[in-house]
Amino acid sequence: HMEIDTIPTIVKKAQTKKIDAILALHPDHADRLGLLKTNVFWPTYPAVFTRKDFDFNSPDDFKNRRVAIVEKIHITERLMEKYGKQSTIVTVKNELEGLKLVSSGKVDCFLSISFTSYMISKYQFFDLVTAYVFKKTPEMFGIGVRNDWPELVSILNKTIEHISKEGIDTIFKKWTSFPMTDQDVSIGLTNEEKAWLDQNHRVKVGWGEYPPNLFLVQGKPEGI
């Protein structure tokens, strides 16, 4: 079972065990939420989006600027703690709202992740560009799991071991209409892990709506 909602809502549900896991969660954020965490496997690159006529060449250019970020996004909040001490921070609920603020001139830039560039073309923000990407410092994400289910962490980690860099690349290629090759993989569960699975736990997984990773189209999940 998967629930898709705003990131603040998903975080709140995880803290109250209304969902059992959060996909694509930074390990530091998992610690802050009191969740268990899997090994990391998913690379994410923070990126800055501006109008075409705006000059942004390095993180130093955050100084004295109005910067939009999506609320409760750990990596962008952390970057603003480092580079945004002299910036005016404007929090938004989602990426589309952030891009609209940049396009309208209400903020100078939007700090998000590189995948947000997908929305520039989807929603035809012809006046916006990806001005800067933190290419040398990708953030690695895993899965956050409720703190009383260590068995699920162990099971997920065994699955993650089989996700290679080539596998991640394949996921990206699938999003760009390249075919994937299906492979059957045995992950070798222990007797304890099998016993846990035999209890037929119903796992509720939450993921904050974050195009193109995951988003809703007429109530159905779409995306990478």
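## Close-up views of a predicted model

**View 1. The largest nonpolar core and its best-connected residues.** The largest nonpolar core takes in 32 residues, and I22, L35, L99 and F110 are the ones with the most contacts inside it. Quite a few elements chip in: α1 (7-15), β2 (21-25), α2 (27-33), β5, β6, α4, β8 and α5 (117-122) each give two or more residues to this core. The biggest giver is α1, with four residues. Keep in mind that this is a predicted model, here and in every view below.

**View 2. L99 and its neighbours.** Zoom in on L99, one of the residues with the most contacts inside the largest core. Leaving aside residues up to four places away in sequence, L99 touches F49, F110, T116, M119, I120, F125 and L128. Two of those neighbours, F49 and F110, also stand opposite each other, with F110 sitting in β8.

**View 3. The five-stranded sheet with a helix across it.** Here five strands make an open sheet, ordered β7-β6-β8-β5-β9, with mixed pairing. The edges are β7 (88-92) and β9 (128-133), each of which pairs on one side only. From one strand to the next, the twist averages 30°. Inside the sheet, β5 pairs with β8 (residues 109-113) in the antiparallel sense, over five bridges. Helix α4 (residues 95-104) lies across β5, β6, β7, β8 and β9, and runs at about 155° to β8.

**View 4. A second core, set apart from the big one.** This one is another core of eleven residues, lying apart from the largest; F56, V67, L79 and F134 are among its members. F56 counts as buried, because its relative accessibility is 4% and the cut-off for buried is under 20%. F134 passes that test too, at 6% relative accessibility.

**View 5. An aromatic cluster of five rings.** F56, F62, Y83, Y132 and F134 form one aromatic cluster. Across the whole structure, a search turns up six aromatic pairs. One of them is F56 with F62, an edge-to-face pair at 5.0 Å centre to centre and 65° between the planes. F62 is buried, with a relative accessible area of 0%. Another is Y132 with F134: the ring centres are 5.0 Å apart and the planes sit at 90°, so this pair is edge-to-face as well. The partners in that second pair differ in exposure, since Y132 is partly exposed at 23% relative accessible area, whereas F134 is buried at 6%.

**View 6. Two charges over aromatic faces.** Two side chains sit over rings here. K122 lies over the face of Y123, 5.6 Å from the ring centre. R146 does likewise with W149, lying over its face at 4.4 Å from the ring centre.

**View 7. K63 in its loop.** K63 is found in the loop between β5 (46-51) and β6 (66-70). The residue is partly exposed, with a relative accessible area of 45%. Not counting residues up to four places away in sequence, K63 touches Q86 and S87. There is also a sequence-versus-space contrast to look at: K63 and T88 are 25 residues apart in sequence, yet their C-alpha atoms are 8.8 Å apart in space.

Technical notes:
Residues numbered from 1 in each chain as written. Predicted model: local features only at pLDDT ≥ 70, side-chain atom pairs only at ≥ 80, totals over all residues. Heavy atoms only, no water. Phe/Tyr/Trp six-rings, centres within 6.5 Å; stacked < 30°, edge-to-face > 60°. Buried < 20%, exposed > 50% of the residue type's maximum accessible area, 1.4 Å probe, protein only. Lys NZ or Arg CZ within 6 Å of the ring centre and 35° of its normal. Contact = heavy atoms within 4.5 Å. Pairing = 2+ DSSP bridges. Axes fitted to C-alpha atoms, helices over the stretch in contact; angles between N-to-C directions. Core = buried A, V, L, I, M, F, W, Y, C linked by side-chain atoms within 4.5 Å.
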